[in-house]
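Here are my notes on this one, as numbered points. Have the model open while you read.

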Amino acid sequence: MANQTRTHQDIIVRDSRSTLDRDHPKTGAQMVKVATGVAAGGSLLVLSGLTLAGTVIALAVATPLLIIFSPVLVPAVITVVLIITGFLASGGFGIAAITAFSWLYRHMTGSGSDQKIESARMKVGSRGHMTGSGSDQKIESARMKVGSRGYDTKYGQHNIGVHQQHQQAAS
């Protein structure tokens, strides 16, 4: 009975192999790709094993040295970390200060983004009159919202609203 089962499995395996070989014949280029992949994968696997072995040996050699010199190394590492942290913090605070002074200068001279916002408001205002009467109310309400939230950098006061400013300028 075992011989018959084995024979049957052999027939199934043999038939499936012959079907695969007929459907997908291997070319020389495919064989080269397979050989290259096996060579590259095998060499990388060997390098991985050598690296692991070297790391374990280095750790075994270095552990006693680290234990012997730890009273010196730990304070040295702490000191180096504190020095590096101090330099990084100093640089960060310096950059923050330069950014703050730059913003303050642009804010005081009026060369900041407030002019860009104002020119955008004027463009919206000039295009708003070209649209129909229904959209004029929406544009005016948007101007009021933007104007009431804006901050007048020249006088240090809140805007009284773009709509009111236009009415005052017109009269």
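**Notes on the model**

1. Starting with the surface: about 14300 Å² of the protein is exposed, and 69% of that comes from carbon and sulfur atoms. Keep in mind that this is a predicted model.

2. On burial, only a small share to report: 6% of the 171 residues in the protein count as buried. As for contacts with a separation of 6 or more, 22% are between residues 24 or more positions apart.

3. The protein has 5 helices and 2 strands. Going along the sequence, the order is α-α-α-α-β-β-α.

4. How far can we trust it? The average pLDDT for the protein is 75, with 60% of the residues scoring at least 70. Among the elements, H2 has the highest mean pLDDT (90), while strand E2 (residues 157-158) has the lowest (49). Where pLDDT is low, the predicted coordinates should not be read in detail.

5. The unreviewed UniProt entry carries the annotation "transmembrane region" for residues 44-70 and 76-105. What does the chain look like over residues 44-70? That stretch is 100% helix and 0% strand, and its end C-alpha atoms lie 36 Å apart. Residues 76-105 are likewise 100% helix with 0% strand, and there the end C-alpha atoms are 43 Å apart.

6. One more thing to look at is a nonpolar patch on the surface, about 490 Å² in area. Which residues make the patch? They are Leu65, Leu66, Ile68, Phe69 and Leu73. One of these, Leu66, sits in helix H2, which runs over residues 28-109. That is also the element with the highest mean pLDDT, at 90.

Technical notes:
Residues are numbered from 1 along each chain as its sequence is written. This is a predicted model: local features need pLDDT of at least 70, side-chain atom pairs count only at pLDDT 80 or more; totals for chains, interfaces and linings use all residues. Side-chain values use heavy atoms; hydrogens and water are left out. UniProt positions are given in the numbering used here, feature names are shortened, and annotations may be inferred rather than shown by experiment. Helices (H or I, at least four residues) and strands (E, at least two) are DSSP runs, numbered from the N terminus. Patches are made of residues with over 30% relative accessible area and no salt bridge: like charges are joined within 9 Å, nonpolar side chains (Val, Leu, Ile, Met, Phe, Trp, Tyr) within 5 Å. Accessible areas come from the Shrake-Rupley method with a 1.4 Å probe; for residues, only the protein chains shown count as cover. A salt bridge is a side-chain nitrogen of Lys or Arg within 4 Å of a carboxyl oxygen of Asp or Glu. Buried means under 20% relative accessible area, exposed over 50%, partly exposed in between (1.4 Å probe, protein chains only). Contact means heavy atoms within 4.5 Å. pLDDT is the predictor's confidence in each residue, from 0 to 100.
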